[in-house]
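Subject: Structure for your review

Dear colleague,

Please find below the sequence and structure that I should like to hand over to you. My findings follow, and I would ask you to read them with the structure open.

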Amino acid sequence: MLPRQAFVIAAGGSRRASYRLKQAGRFVALALAGWGLLWLCARIGAAVSDYNWQWNRVWRHLGRWTAEGFEAGPLLEGLGMTLGIAAAGFCLATVLGLGAAVLRLAPWPVGRLLAGAYVGALRNTPLLLQLFFVYFLLSPLFALGPFGSAVLALGAFEGAYMAELFRAGLLGVPRSQWEAGLSLGFGTAETLRLVILPQAMRRMLPPLTSQIVTLIKDTSLVSAIAVADLTMRAQEVIAETFLAFEIWLLTAGIYLALTLCVSLPARRLERRF
């Protein structure tokens, strides 16, 4: 039995390694295919407009090696700002979305009214206008600054959508699970955290992944309020070098890689669950 068990364990490990290798290959293939499609469209447009490609002038704007080590260029600096805004915005959106979902399911009329007003107001107005509202009206009052304004606006906007995702996931869990948690002596908060949310997350994972991808793409709008994110730094490089096609293609490829880094691991989690 021992040799057979060792063979089964080894076979399972090799299958997992093969699966990880396939996932990595799929990620690379999708990234290259998406970037290639963008490149082809830009190539056709450049051929029509008789554009002169100058890729050799692009890469130094990502970064360069100096005597003191690697020095990040404006595009990598903007990417760091984009990642920071996306991470902080996601954390805020999760808190606001879960809170609004719980309030909408609560027995308190005032809580349901407030949560419904929050979700309805932010889902039915453009994100760009909300960025302007936070930056020009709330930021001077609370000294938020461009970064804080971007995180607050994005977090509140995406949280309104996540509230409906969380509410649908919570409603998808049978009521008997609530009763089972309460019968075991858990309070309402413990039942929600230990019994309901783990089951609801399995149902919420696909739409939640899509919302995270949307959040990453929506970060490109924060350049409108003078946040030096990836899009704004790309605009600055284009204004300096006039390399419009090259810089926008490279920027689109970076956004594509970011969204694939979210969607492919989430797909693996879906299969595992």
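I begin with T82, which, leaving aside its neighbours within four places in sequence, is in contact with T219, D229, L230 and Y255. T82 lies in helix α2, which covers residues 74-105. Is T82 buried or exposed? T82 is buried, because its relative accessible area is 1%, and buried means under 20%. Please bear in mind throughout that this is a predicted model.

Overall architecture

The secondary structure of the protein comes to 9 helices and 2 strands. Along the sequence, these elements follow the pattern α-β-β-α-α-α-α-α-α-α-α. The protein has 273 residues, of which 37% count as buried. The area that the protein exposes is about 15700 Å², and 68% of this is supplied by carbon and sulfur atoms. If one takes the contacts between residues at least 6 apart in sequence, 71% of them join residues at least 24 apart.

The two strands

Strand β1 consists of residues 63-66, and strand β2 of residues 69-72. The two strands run antiparallel and are joined by 4 bridges. A hairpin of 2 residues leads from β1 to β2. Which residue of β2 stands opposite W65? It is F70.

A salt bridge should also be noted here: R64 pairs with E71, and their closest N and O atoms are 4.0 Å apart. Both partners are partly exposed, R64 with a relative accessible area of 49% and E71 with one of 39%.

The loop before β1

R57 is found in the loop between α1 (2-49) and β1. With a relative accessible area of 27%, R57 is partly exposed. The side chain of R57 makes a polar contact with the side chain of Q54, at 2.9 Å.

R57 also has partners from elsewhere in the sequence. Leaving aside neighbours within four places in sequence, R57 is in contact with T241 and L243. How many residues separate R57 and L243 in sequence? They are 186 residues apart, whereas their C-alpha atoms are 8.4 Å apart in space.

Salt bridges in the helices

The structure holds 6 salt bridges. One of them joins E164 to R123, with the closest N and O atoms 3.9 Å apart. E164 belongs to helix α5 (residues 145-172) and R123 to helix α3 (residues 109-123), so this pair ties together parts that are 41 residues apart in sequence. E164 is buried, at a relative accessible area of 19%, whereas R123 counts as partly exposed, at 34%. The value for E164 is 19%, and the cut-off for buried is under 20%. E164 and R123 also take part in a network of salt bridges that links them with R104 and R167.

A further salt bridge is formed by the side chains of R233 and E236, at 2.9 Å from N to O. Where do these two residues lie? Both are in helix α8 (residues 230-241), where they are 3 residues apart, about one turn of the helix. R233 counts as buried, with a relative accessibility of 18%, while E236 is partly exposed, with a relative accessible area of 37%.

A nonpolar patch on the surface

Finally, I draw your attention to a nonpolar surface patch of about 400 Å², made by L141, F142, L144 and L152. L141 is part of helix α4, which comprises residues 127-142. Why does L141 count as exposed? Its relative accessible area is 66%, and exposed means over 50%. L141 on the patch may be set beside T82, with which this message began: L141 is exposed, whereas T82 is buried.

As you go through the structure, I suggest looking at the residues in the order used above. You could start with T82 and its contacts T219, D229, L230 and Y255, then turn to the hairpin between β1 and β2. After that, please look at R57 with T241 and L243, at the network of R104, R123, E164 and R167, and at the patch that includes L141.

Yours sincerely,

A colleague

Terms used
Residues are numbered from 1 along each chain as its sequence is written. This is a predicted model: local features need pLDDT of at least 70, side-chain atom pairs count only at pLDDT 80 or more; totals for chains, interfaces and linings use all residues. Side-chain values use heavy atoms; hydrogens and water are left out. Patches are made of residues with over 30% relative accessible area and no salt bridge: like charges are joined within 9 Å, nonpolar side chains (Val, Leu, Ile, Met, Phe, Trp, Tyr) within 5 Å. Accessible areas come from the Shrake-Rupley method with a 1.4 Å probe; for residues, only the protein chains shown count as cover. Buried means under 20% relative accessible area, exposed over 50%, partly exposed in between (1.4 Å probe, protein chains only). Contact means heavy atoms within 4.5 Å. A polar contact is a pair of N or O atoms within 3.5 Å; within protein, one must be able to donate a hydrogen and the other to accept it, and residues adjacent in sequence count only if both atoms are side-chain atoms. Two strands pair if DSSP finds at least two bridges between them.
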